[in-house]
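Q: Could you take me on a close look at the salt bridges in this model, and at where their partners sit in the fold? I'd enjoy one connected walk through them, with a little of the surroundings too.

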Amino acid sequence: MPPPEADDRLERIVERVYAVPGVVDVRAWLWEEKLIVAVRAAPNASPEAVLRQVRSLAETLAEPGEGVEVGFIAND
């Protein structure tokens, strides 16, 4: 289980990513010195634009030396 401060950080990251236009669902993890963010885009949004904006935001939210991976949530 991650330490409480990691949970708080992930909660803040998720809140910030939800603010990206076109994002309708977000998942975020800290794993092996990586920030991993997965999103679902609204049907009327450009997936490429959403991913580009989320990647840019995630890179600003990453800690120094932390890698960033961004992708889409798989369809259920």
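A: Happy to! A salt bridge here means a side-chain nitrogen of Lys or Arg within 4 Å of a carboxyl oxygen of Asp or Glu. Please keep in mind that the model is a predicted one. Across the whole structure, a search turns up five salt bridges.

Let's start with Asp25 and Arg27, whose side chains meet in a salt bridge with an N to O distance of 2.6 Å. How does each partner stand towards the surface, buried or exposed? Asp25 counts as buried because its relative accessible area is 13%, and the cut-off for buried is under 20%. Arg27, in contrast, is partly exposed, at 39%.

Asp25 also meets the side chain of Arg40 in a salt bridge, this time at 3.3 Å from N to O. Here the pair links distant parts of the chain: Asp25 belongs to strand E1 (residues 23-31) and Arg40 to strand E2 (residues 34-41), with their positions 15 residues apart in the sequence. With a relative accessibility of 24%, Arg40 falls in the partly exposed class.

Elsewhere, Arg9, Glu63 and Glu66 are joined into one network by salt bridges that share partners. Within this group, Arg9 pairs with Glu63, and their closest N and O atoms lie 3.7 Å apart. That contact again bridges distant parts of the chain, as Arg9 sits in helix H1 while Glu63 lies in the loop between helix H2 (47-61) and strand E3 (67-72), 54 residues apart. The two ends differ in their cover: Arg9 is buried, with a relative accessible area of 11%, whereas Glu63 is partly exposed at 41%.

Helix H1 has another charged feature worth a look. Glu5, Asp7, Asp8, Glu11 and Glu15 form a negative surface patch. One of these, Asp8, has its place in helix H1, which covers residues 4-18. Asp8 is partly exposed, as its relative accessible area is 42%. Members of such a patch need over 30% relative accessible area and no salt bridge, so the value for Asp8 meets the accessibility part of that rule.

Now to the loop between E1 and E2, where Glu32 is found. Glu32 is exposed, because its relative accessible area of 61% is over the 50% cut-off. The C-alpha atom of Glu32 is 8.9 Å from that of Gly67, although the two residues are 35 apart along the chain.

Finally, let's step back to the fold that carries these pairs. The protein contains two helices and three strands, arranged along the sequence in the pattern α-β-β-α-β. Its radius of gyration is 12 Å, close to the 11 Å that the globule rule gives for 76 residues, so the protein is as compact as a globular protein of that length. The C-alpha trace spans about 35 × 25 × 20 Å along its principal axes. Of the 76 residues, 37% are buried; Arg9 and Asp25 are among the buried ones.

Technical notes. Residues are numbered from 1 along each chain as its sequence is written. This is a predicted model: local features need pLDDT of at least 70, side-chain atom pairs count only at pLDDT 80 or more; totals for chains, interfaces and linings use all residues. Side-chain values use heavy atoms; hydrogens and water are left out. Patches are made of residues with over 30% relative accessible area and no salt bridge: like charges are joined within 9 Å, nonpolar side chains (Val, Leu, Ile, Met, Phe, Trp, Tyr) within 5 Å. Accessible areas come from the Shrake-Rupley method with a 1.4 Å probe; for residues, only the protein chains shown count as cover. Lys and Arg count as positive and Asp and Glu as negative; His and the chain ends are not counted. The place of a charge is taken as NZ of Lys, CZ of Arg, CG of Asp or CD of Glu. Helices (H or I, at least four residues) and strands (E, at least two) are DSSP runs, numbered from the N terminus. Buried means under 20% relative accessible area, exposed over 50%, partly exposed in between (1.4 Å probe, protein chains only). The radius of gyration is taken over C-alpha atoms; the globule rule is 2.2 Å times the number of residues to the power 0.38.
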